[in-house]
Amino acid sequence: MVMSRKYHGKILLFGEYTILHGGEALAIPSQQFYGHWIFKESKEKPANQDLKNWLDYLKDGCSLILDLKHFEEDLNRGLIFQSNIPLGNGVGSSGAITAALYENYGGCRVMKSLGQIKQELSLIESFFHGQSSGIDPLVSLLHVPVRIIGLDQIEIADQMEESMLNSFFLLDSGKSRNTRSLVIQYLKMREKPQLKRAFDELEIYNQTIIQILCSGNGIDKVPFYFKMISRLQYEVFQPMVVTDIKDIWLNGLISENFYIKLCGAGGGGFYLGYKNSEYNGSIPPVTL
């Protein structure tokens, strides 16, 4: 058992929405947000009802993946997942607890590929969203940057250096979101012929900036491609940008001091920013 280990949330740097159509994506673990298992000190030690509901859900399809009997015993002893990861903000709250469950109550990774592990994690996390890619819990479990190429190929982005992320920041909209409804809205947008060129360009910019970050070659081009992504998303994804963020986003594009883009589904939660090195002004950032 590794109960004392911290399971960090994740940040999808690039690939939001385009990943649904086989585009590349790059996700990293968040250093700021994490959670871990603890036993609540209480004479009665009541089981957390949300975790009990999750247990009941898992009994139908994950009994071969997880030791659910042991998990249930620990729940009855007062097991809870203590976390500072905000819910409904797109930074992997359900992914972290899924990774924690997988590692502590099953999840034998011997002779399993990353794809197999991702698939098992997706089954476990599906309780929270109805459907899961398994990417969020995989990043939390491995605690390394993960690059997704197409629908099935997964790579550990081990050449990516932390210093490359120094200019990135998170901008909190202060509002939660419903990812499922946003994805439905996106799929409808995707069907519009007049938006095809914009979506095609977005996939190219995403792929290029991911290649740069994963290889370390051409880092000086990151501001340019981030700006292009910011501009396209501001034009196309207006429904996913909350009112309080729109003025900040537009100000960044006009001034070129910083740029904002979606961080996951948008529509609330956190947005991802990139601050130009020459800019000394203030933006309310949160550490990645």
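This passage describes the strand pairing and the largest pocket of a predicted model.

Strand β2 spans residues 25–39. Three other strands pair with β2. The pairing with β1 is antiparallel and runs over six bridges. Within the β1 pairing, Ile11 faces Ile28 of β2. Strand β3 is also antiparallel to β2, and five bridges join the two. Here Gly35 has Ser83 of β3 as its bridge partner. Strand β4 covers residues 146–149. Three bridges link β4 to β2, again in the antiparallel sense. Ala25 stands opposite Ile148 of β4.

Two of these strands, β1 and β3, also contribute to the lining of the largest pocket. The space in this pocket is about 1,700 Å³. Its lining comprises 49 residues. Nearest the pocket centre are Ser94, Glu125, His129, Gln131 and Asp136.

Several helices join the strands in the lining. At least two lining residues come from each of β1 (7–14), β3 (79–83), α1 (49–58), α3 (93–104), α4 (114–129), α5 (135–142) and α6 (179–190). Helix α4 gives the most, with seven residues. Glu125 and His129, both among the residues nearest the centre, fall within the α4 range of 114–129. Ser94 is likewise nearest the centre and falls within α3 (93–104). Asp136, another of the central residues, falls within α5 (135–142).

The chemical character of the lining is mixed. Nonpolar residues number 21 and polar residues 20. The remaining eight lining residues are charged.

Note on methods:
Residues are numbered from 1 along each chain as its sequence is written. This is a predicted model: local features need pLDDT of at least 70, side-chain atom pairs count only at pLDDT 80 or more; totals for chains, interfaces and linings use all residues. Side-chain values use heavy atoms; hydrogens and water are left out. On a 1 Å grid over the protein atoms alone, a cavity is a set of points where a 1.4 Å probe fits but cannot get out, and a pocket is an open set with protein on both sides within 12 Å along at least five of seven lines; lining residues have an atom within 4 Å of a point. Grid points are joined across faces, edges and corners, and a volume is the space filled by probe spheres set on the points. Helices (H or I, at least four residues) and strands (E, at least two) are DSSP runs, numbered from the N terminus. Ala, Val, Leu, Ile, Met, Phe, Trp, Tyr, Cys and Pro count as nonpolar, Asp, Glu, Lys and Arg as charged, and the others, Gly among them, as polar. Two strands pair if DSSP finds at least two bridges between them.
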